[in-house]
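I sat down with a new model today and kept short notes. Here is what I looked up.

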Amino acid sequence: MQRLYTAEEIQRLLISTISFSHGLILKTRRDLPLLGQGLLVLDGPKWFQHRRLLTPAFHSDILKSYVTLMVDSITVMLDKWENLISDHKSMDIFQHVGSMTLDSMLKCIFSYNSNCQNDRTNSYVQAIGDLSSLVQERVQKVVYHNDFIYRLCPHGYRFFNACNVAHVHTDKVIRERKALLKDERELEKIQKKRYLDFLDILLCAKDVDGVGLSDEDIRSEVDTFLFEGHDTTASGISWILYAMAQNPEHQEKCREEIKEILGERDTMHWNDLSKMTYTTMCIKECLRIYPPVPQVYRELNKPVTFADGRTLPEGGLVSLNIYALHKNADVWKDPEVFDPLRFSPENSAHRHPYAFLPFAAGPRNCIGQQFALMELKLAVALTLQRFHVSPDPANPPLEKPQLVMRSWTGIHLYIKKLV
């Protein structure tokens, strides 16, 4: 059992994972116009208002209605894999998983069936794909950090054009849905006809004074949830399957648990998720080793003084390196060893709450973490129910910890259908 750390000790551990810069790491408010003024970049009273209005969208009563949508998207991906897999050739799963999580997100946010796993010609789907890659590329290339230069170069042109395509589509969906809600009037009436999606809840959300979100605010939150969510979830699922491939004994234990839960069924239900005890511990251990968001940023609104006397000034941009924290031998015993039992109830009881941060922490933690965990569990369970995964020693992944944890070389796995 690991010992409890004092507040001063944990501060020293955290400061070893912090980098600080007055310069530009990523000036989110200007560099991500696609996100507008969503939760990711807001602060102050407006952030608090949005956070409070969005919280009901992630209540379990809402999330449970998304299980069927997610299962449908995962099944499409697994059916494709069944036709693509070969005993003699591994498959890079990252793009497949990314298309699946995008498909799932679009259903849960808009009730939009894009068919993006089989048809990438949709201009909106293409714009989302372009934006995801272009944002990553801008972070990598220092010359693109200059706004003026970026707007003049071909990549900048593609980026702002894709932003426009995404915004036009979102604005159109919001207008059409508002018109529909005027006819249906109340949320209860909508719920009788179909599940509540993210957009329904945003359009009907009101604060204590009866004030709701503007169309621009709604677009910002929809875009934030979509772009923040589908890439990070795809990263999580891909790296979890890689870790399962690397650790076949744990893969088999998860498969046995899943088979026991499902019995003769071939699909997952909401109530199954809470029964996945061992699989959940494996998922958490994967998120420790391969955190989907390797670092988070905070702009200081006042100076911070640490226990050892070092200080950071107001206005500084601070990066907390979650990847380094999760590999810190002062926090985790044998951090390179894959050990799901770290997350057993008895081993977790005395762990500092800031030792494990796959979804950040504090008031600005990831509002969609339960949504993400639900999709991770469903994807892992349904994949292991149908397939055995093993690594490709000739194509090992090379970790690429940027805005989202990726691999320079893809994530190649041998996938074999179970008899």
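My entries go from the whole chain down to one helix and a patch.

Ground rules: this is a predicted model, where local features need pLDDT of at least 70, side-chain atom pairs count only at pLDDT 80 or more, and totals for chains, interfaces and linings use all residues. Residues are numbered from 1 along each chain as its sequence is written, and side-chain values use heavy atoms, with hydrogens and water left out.

Whole chain: I found 17 helices and ten strands in the protein chain (DSSP runs, H or I of at least four residues for helices, E of at least two for strands, numbered from the N terminus). I looked up burial too: 51% of the 419 residues count as buried (under 20% relative accessible area with a 1.4 Å probe, protein chains only; exposed is over 50%, partly exposed in between).

Helix H7: I noted 18 residues and a reach of 26 Å from first C-alpha to last, close to the 26 Å expected at 1.5 Å a residue (1.5 Å times one less than the number of residues). Its buried residues include Tyr124, Ile128, Leu131 and Arg138.

After H7: I followed the loop between helix H7 (123-140) and helix H8 (147-152), and Val143 is found there. Why is Val143 partly exposed? Val143 counts as partly exposed because its relative accessibility is 46%.
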